[in-house]
Amino acid sequence: MPISTSPVTRMHRSGIRTLMELAMRDPEAIRLEIGEPDVPTPAHVVEAAGRDAAAGHTGYTSSTGSPELREALAEKVRRVNGLDVTAADVVVTHGAMHGLAMAINALAGPGDEILVPDPEFPNWRMAAVAAGVGVGTYPARAANGFVPTLADIEAAITPATRAVVVCSPNNPTGAMYPAELLAGVVELAREHDLWVFSDECYEAITFDQPHASPAAFDTDGRVLTFFSFSKTYAMTGWRLGYVVSRDPGVIDLLGQVAEATVACPSSVSQRAALAALSGPQDDVAAAVASYRERRDAAVALLDARGVPSVPPRGAFYLMVDVSAATTDSEAFALRLLDERHVSVSPGSAFGAGGEGMVRVSLASERTALLEGLSRLADMVDAWQAVEVPAAVREALDGAVTADS
């Protein structure tokens, strides 16, 4: 049989999904590893999508999205994000990650690289590797609240660099980048003739400072901004996002990649997105208030137990320092699941900068969240330098093999 020569064979699986699939086998598990709101999609969104589907809105749309949704999204970006865009500057995507993968395929190729922050969201790297594109990193240190410095970003740029990825509010750290840093990133991109890919999936979920976008400082169309309905409107399974670019050539390329990969985004999901944009926003405000309260309660519990963490300023994740037990975050996460029935994402899933920590989702139900963190603190206290149970290692190896 022929063998695969695709760069996909060099793509490593996300540690988040590995822990998720192991946790799904444990009916007692407290699930803190996956970033998914614990509330359903707002009822008016579901009802509107059902009515529109029954009315026949179930066919193909343009590869770049329906005209009605693109216009509604442009209006939202003008009103909420303060960017001067039109419907022609918007491409609707099959989730924000699909948009970023399309951008990498459209604007970079073999021999190029993108720069991502460390800790990183692993799917950025996976998308680049699948496209044959290299990945470099710039540090975002815990001591600085996981906010990178402009000097560190510039030091990471090489002749192969084609794009710098920024993510604020950040996944996995919850860090928010100040406007002056983002302005500096855009200026660096001008000096080195780079694209800026701005992941703003958590734009609506902020606690201590307003959201800022590098696109506000873009004067020549080099910033691409990626948005999602998943987190803001609890629409993870609807798989809908959008990309904003003020470069017509980029829009054309993204449309071609969309046509080659998904033909068009789901027409039913696009109708749901219209309802989410035009309907009441009370659910969004309530969710953000709930995440803030859970953050404060989680940090207070960990502080009382002597377990360090880095309080997030946005998104709904908390990076918890478990290095007092072990710097092997995967071993900690596996043992925590096996012995305490709590699933978290190992920091190693997010790169070297996440090692010695684990990521906890604050979008989990409050009682379960606090119980899970209490068990995590117990695990830190009780840790002994022993091997991860063989049965757990075998389960992990089996999960990886099954997906190979």
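## Trp383 and its partners

In this predicted model, Trp383 has a relative accessibility of 16% and therefore counts as buried, the cut-off being under 20%. The ring of Trp383 forms an aromatic pair with Phe332, whose relative accessible area is 0% and which is also buried. The two rings are stacked, with 5.5 Å from centre to centre and 25 degrees between the planes.

Phe332 belongs to helix H11 (residues 329-340), whereas Trp383 lies in the loop between helix H12 (366-382) and helix H13 (390-403); the pair therefore ties together parts that are 51 residues apart in sequence. In addition, the charged end of Arg335 sits over the ring of Trp383, 4.6 Å from its centre.

## Other aromatic rings

The count of aromatic pairs comes to 10. One of them joins Phe227 and Tyr242, which are stacked at 4.9 Å centre to centre with 20 degrees between the planes. Because Phe227 is in strand S7 (residues 223-228) and Tyr242 in strand S8 (residues 241-244), this pair ties together parts 15 residues apart in sequence. Both Phe227 and Tyr242 are buried.

Over the ring of Phe227 sits the charged end of Lys76, 4.3 Å from the ring centre. Elsewhere, Tyr202, Tyr291, Phe316 and Tyr317 are linked into a cluster by ring pairs.

## Ser343

Ser343 is placed in strand S11 (residues 342-343). With a relative accessibility of 0%, Ser343 counts as buried. When neighbours within four places in sequence are left aside, the contacts of Ser343 are Leu19, Ala23, Ile30, Arg31, Leu32, Glu33 and Leu337.

Conventions:
Residues are numbered from 1 along each chain as its sequence is written. This is a predicted model: local features need pLDDT of at least 70, side-chain atom pairs count only at pLDDT 80 or more; totals for chains, interfaces and linings use all residues. Side-chain values use heavy atoms; hydrogens and water are left out. Helices (H or I, at least four residues) and strands (E, at least two) are DSSP runs, numbered from the N terminus. Buried means under 20% relative accessible area, exposed over 50%, partly exposed in between (1.4 Å probe, protein chains only). Contact means heavy atoms within 4.5 Å. Rings of Phe, Tyr and Trp (its six-membered ring) pair if their centres lie within 6.5 Å; planes under 30 degrees apart count as stacked, over 60 as edge-to-face and the rest as tilted. A charge sits over a ring if NZ of Lys or CZ of Arg is within 6 Å of the ring centre and within 35 degrees of the ring normal.
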